[in-house]
Amino acid sequence: MKTTKLTCEKARNISIVQTLGKLGHFPKRETEKEAWFLSPFRKETQASFKVSKQLNRWYDHGEGFGGNVIDLIIKSQKCTIKEALYFLSQDHFFSFHQRTVTKKEEIKKDYEILKVKKLENQALLEYLTSRSIDLEIAQKYCQEIYYRNNYKNYFSISFKNDQDGYELRNKYFKGCLGKKAVTTLGNDSDCICVFEGFMDFLSYKTLYKFVKLDEDYIICNSTSLVKSITSKLQYYHTVYACLDNDNTGNKATSFLKENHSGVFDCSILYKSHNDINDYLIGKS
C-alpha cells in the first residue's frame, strides 16, 4: 500500500454523499439537509441509511449505529484506518459488487479491465479466509482484478479460463469477464480431477496442501460446460468427478459416467456436505 498524506482530520471532511456515490450508492430521497440511502451493508427495500449533510455524518437506522466517512469505509470495505485513508485518498474508488447477478444481468461486453495484479487485497483475502481457503494456494492460482462496468469500478478475485476470460468471485458477487470457458491445468498425468468451480479446486488443494499431487485438473466454471470436456477426458485412464452434491451436480456426474468408463464419483467422500468447500469449512 502506498503511503498517503491524508489525515483523519482531513478525511472526516470528505463528503459522505459523494463517497457513497463513488461506491455506487445513490440517494432514494434527498433534501437540502439530508439524504436517505438503501443501506450499503445489507439488502433492503426501504431506505434506512441517513446522511446528515450539515454534520457530514451517517446513521443506519436498521442496525442502530453510525459514524463519519472513515467509519463508513472501514465497515463497508472491512479494512483498517490506514487502509481507509488510502482508499479515500484515491481519485476513484473500487468496490465489491453488492449482489449476485442473474443470467439476465451478466456483465456487459463494454467492460474495461483496469488492472490485474497479485492477490493481496485485504478484503479479498478475508473473504477467502472465511471460506477456509489457504491464502498461499489462492495466490498461486488466482489474482485480483480491477475493472469498470456500467460506469462503475469493481474489484474481485479472478481465476483465468482457457479462453482468456476471468472467473470472478468475492463476498457479494460471482460472475465472468470475457468468454465463459473451462480451465485446464496439466501435469502430464493419466488421471484427472474435475471440479465445478475454482473455489472447490482451491478447497481441494487446501485439504491436500501437504500431499504431493500430480493429477491434471479441469475446472468447469459452470456445470453447463461439463458436456464440452468429454473429448479431453478420453486421454485419461481415471477421472475423479468432484462435483456438487445437488441435482445439477449429480446429473453432471451421471453424464460423465455415461461417457467414460473410468469415472469415480468422489462426492460420496463429502456426502453430508453440498460441495468440497462446504466440507472444508466444516472440517476447519
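Two strands pair if DSSP finds at least two bridges between them. With that rule, this predicted model shows an open sheet of five strands with antiparallel pairing. A search of the whole structure finds 12 salt bridges and zero disulfides. The points below take the sheet, the charged pairs, the cysteines, one helix and two loop residues in turn.

**The five-stranded sheet**

- The strand order is β1-β2-β3-β4-β5.
- The edges are β1, residues 29-30, and β5, residues 65-67. Each of these edge strands pairs on one side only.
- Strand β4 covers residues 57-60 and runs antiparallel to β5. Three bridges join β4 to β5.
- Which residue of β5 is the bridge partner of W58? The partner is G67.

**Salt bridges**

- Side chains of opposite charge can pair when their charged atoms come close.
- K50 forms a salt bridge with E34, and their closest N and O atoms are 3.4 Å apart. K50 sits in strand β3 (residues 49-52) and E34 in strand β2 (residues 34-37), so this pair ties together parts that are 16 residues apart in sequence.
- K50 counts as partly exposed because its relative accessibility is 28%. E34 also counts as partly exposed, at 24% relative accessibility.
- E120 forms a salt bridge with K117. The closest N and O atoms of this pair are 2.8 Å apart.
- Relative accessibility is 43% for E120, which makes it partly exposed. K117 is partly exposed too, with a relative accessible area of 26%.
- D164 forms a salt bridge with K160, with 3.6 Å between the closest N and O atoms.
- Is D164 buried or exposed? D164 is exposed, because its relative accessible area is 56%. Its partner K160 is partly exposed, with a relative accessible area of 40%.
- Salt bridges also link R42, E44, D60 and E63 in a network.

**Cysteines without disulfides**

- A disulfide is a covalent bond between the sulfur atoms of two cysteines.
- Why does C8 form no such bond? The closest cysteine sulfur, in C79, is 12 Å from the sulfur of C8, which is too far for a bond. The cut-off for a disulfide is a pair of cysteine sulfur atoms within 2.5 Å.
- C8 is partly exposed, with a relative accessible area of 26%.
- For C176, the closest cysteine sulfur is in C142, at 14 Å, so it is too far for a bond.
- C176 is buried, with a relative accessible area of 17%.

**Helix α5**

- Helix α5 covers residues 122-130. Its buried residues are A123, L124, L125, Y127 and L128.
- What do the buried residues of α5 pack against? Their partners include helices α3 (69-77) and α6 (135-141), and also α7. Strands β7 (143-149), β8 (152-160) and β9 (166-169) are among the partners as well.
- N121 caps the N-terminal end of α5. A side-chain oxygen of N121 lies 2.9 Å from the backbone nitrogen of A123.
- Just after α5, S132 takes a positive phi of about 65°.

**E196, a buried charge**

- E196 is found in the loop between β12 (191-195) and α7 (198-207).
- E196 is buried yet has no salt bridge. The nearest side chain of opposite charge is K174, and K174 is 6.2 Å away. A salt bridge needs the side-chain nitrogen and the carboxyl oxygen within 4 Å, so that distance does not qualify.
- What does the side chain of E196 reach at 3.4 Å? It reaches the backbone nitrogen of D244.
- Not counting residues up to four places away in sequence, E196 touches C220, N221, S222, T223, C242, L243, D244 and G249.

**H237, an exposed loop residue**

- H237 lies in the loop between α8 (230-233) and β14 (238-242).
- H237 is exposed, with a relative accessible area of 63%.
- A polar contact of 3.1 Å joins the side chain of H237 to the side chain of T238.
- Leaving aside neighbours within four places in sequence, H237 is in contact with D190, H260 and G262.
- H237 and T223 are 14 residues apart along the chain. Their C-alpha atoms are separated by 22 Å.

How values were computed
Residues are numbered from 1 along each chain as its sequence is written. This is a predicted model: local features need pLDDT of at least 70, side-chain atom pairs count only at pLDDT 80 or more; totals for chains, interfaces and linings use all residues. Side-chain values use heavy atoms; hydrogens and water are left out. Helices (H or I, at least four residues) and strands (E, at least two) are DSSP runs, numbered from the N terminus. Buried means under 20% relative accessible area, exposed over 50%, partly exposed in between (1.4 Å probe, protein chains only). Lys and Arg count as positive and Asp and Glu as negative; His and the chain ends are not counted. A polar contact is a pair of N or O atoms within 3.5 Å; within protein, one must be able to donate a hydrogen and the other to accept it, and residues adjacent in sequence count only if both atoms are side-chain atoms. Contact means heavy atoms within 4.5 Å.
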